[in-house]
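Visitor: Could you pick one part of this structure and take me through it closely? I'd like to see what it looks like and what sits around it.

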Amino acid sequence: MPDFIAQWLDQNEIFTAMTIMEYWNGLVNTVQLVFLSLVIGLVFAIPLAILRTSKNPLVSGPVWLYTYLFRGTPLLIQLYIIYYGIAQIPGIQETFWWEIFREPFYPALLAFALNTCAYTTEIIRGAIVSTPAGEIEAAKAYGMNWWLRMRRIVLPSAARRAVQAYSNEVIFMLHSSAIASVVTIVDLTGAARNIYSRFYAPFDAFIFVALLYMALTFILVFAFRKLENHLLRHQRPVGS
Amino acid sequence: MLDLKGYGPELLDGAVVTIELAFLSLALALTLGLIGASSKLSGNRLAKAIATFYTTVVRGIPDLVMMLLFYYGGQVTVNMLSDWIWEAYEIDFFFQFDPFISGVVTIGLIFGAYMTETFRGAFLAVETGQIEAARAYGFTRWHTFRRVMFPQMLRHALPGIGNNWQVLLKTTALVSIIGLTDMVRVAEEAAKAERMPFHFFIPVAAVYLILTAGSELFIKWLNKRANVGVVQGS
């Protein structure tokens, strides 16, 4: 079997060291883009989810509108609006922001972060709303104030209920990030598109990248399963 | 008033393309979902393995990558096929691989995998007693499926179908990348030509928002109808 692989590697003109490096750079870009947007999205989603559960419509309303708009429209359009739109903001080309946003990476990061933040906000809101009333009553009976109750009771218990849905969101984000290639970012898909057009070999270029995405997906699924086991370890039957 | 600089009719045509694409993909996805779920629940090990392979692979690959693979790969396959037919039979058989067809096939295949999971869960939610009762009445397998399983399964499947539909609707935007002139493509060309991105993309975003919001209401209504006669809140 190794002979066969060596022979195939010798004969093929596509998977040379150069194209492998191109895929590798694409992988680095994809991972950076997805990881950063997920972190930014999650950091902002937690306070937004708390605001979204507020009884005051002036507080929860704007958050609802934000999540509604970003979840109701395609990410591709959000990306186009931000990517093409930023250059059109009057005066931005004279400020330091232009230095940042002229690179396609940052508009894409902004679009992805805003999008995943909207979905994550709704996931966390759902988990907060479904906190058993008894847990909150118990916390109140112990004299915990609002902040302490949030920090010690509501958010940790919500995290356990949100992790399953959040893992889907993470995988969804990984797959959605493929559209970064349309704004000239050479991510994994961008690398595959370049290699396709150089060799006119759609099957080699795209099946290889599909396998890479699949490997990333399975790593994420595995990691989240571990995390879920860890978070829900108190629910495990005794003795296992 | 909204001035679309003469791109109005094109945008409208694009919107129609988007809606056609969405409905055709949905039809394909529902069909594949039913076949997939039946295979997963069947006793046939080969059918089960194929369905599991299908759902696992599809859910591991980004939609755009699959679309590019089908679009460019489809063209290469058609070219090879037409070359072969020309050499073997001297018949000139050639067609341009259509982005619309690639779009329907890709989106249908992807959401077929999600529908498979939805339908599988819904079939399992139907009590086995119902099936046993149907069999005891002498219903054939097909009759059991059509008269007992399917109508009861639908109630459990509707929320999942609704969610998948909402995601599917937004996925149709990707077909503009492989060159289909849907409303996203028209808006992109107009925005570039007129250097007015907000002016063209925001109306398109609004159309998507209307479509998703409208679907939400319709799905709610369907759910209510499907759950007539079910006591809620137990």
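Guide: First, some vocabulary: two residues are in contact if their C-beta atoms, placed from the backbone, lie within 7 Å. Helices (H or I, at least four residues) and strands (E, at least two) are DSSP runs, numbered from the N terminus. As for bookkeeping, residues are numbered from 1 along each chain as its sequence is written, while chains are lettered from A and ligands numbered from 1 in the order in which they are written. Keep in mind that this is a predicted model, where local features need pLDDT of at least 70, side-chain atom pairs count only at pLDDT 80 or more, and totals for chains, interfaces and linings use all residues.

Let's zoom in on helix H6 of chain B, residues 141–171. Chain B has eight helices and zero strands, so to speak an α-α-α-α-α-α-α-α pattern along the sequence. Its C-alpha trace spans about 65 × 60 × 30 Å along the principal axes.

Now for the shape of H6(B). With 31 residues, a straight helix would span 45 Å (1.5 Å times one less than its number of residues). The end C-alpha atoms of H6(B) span only 36 Å. Look at Ala157(B): a kink of about 50° lies there, shortly before the proline Pro159(B). That bend is the angle between axes fitted to the seven residues ending at a residue and the seven starting there.

Ala157(B) is also one of the buried residues of H6(B). Buried here means 20 or more other C-beta atoms within 10 Å of a residue's own, with C-beta atoms placed from the backbone; 12 or fewer is exposed, and in between is partly exposed. Other buried residues in H6(B) include Met149(B), Met153(B) and Ile161(B), and further along Asn164(B), Trp165(B), Leu168(B), Leu169(B), Lys170(B) and Thr171(B). Across the 234 residues of chain B, 38% count as buried.

What do the buried residues of H6(B) pack against? In chain B they meet helix H1 (8–41), helix H3 (63–89), helix H4 (99–125), helix H5 (128–136) and helix H8 (197–226). The wider contact pattern of chain B goes with this: among contacts between residues at least 6 apart in sequence, 76% join residues at least 24 apart. Take Ala187(B), which, leaving aside neighbours within four places in sequence, is in contact with Leu11(B), Phe200(B), Phe201(B) and Val204(B).
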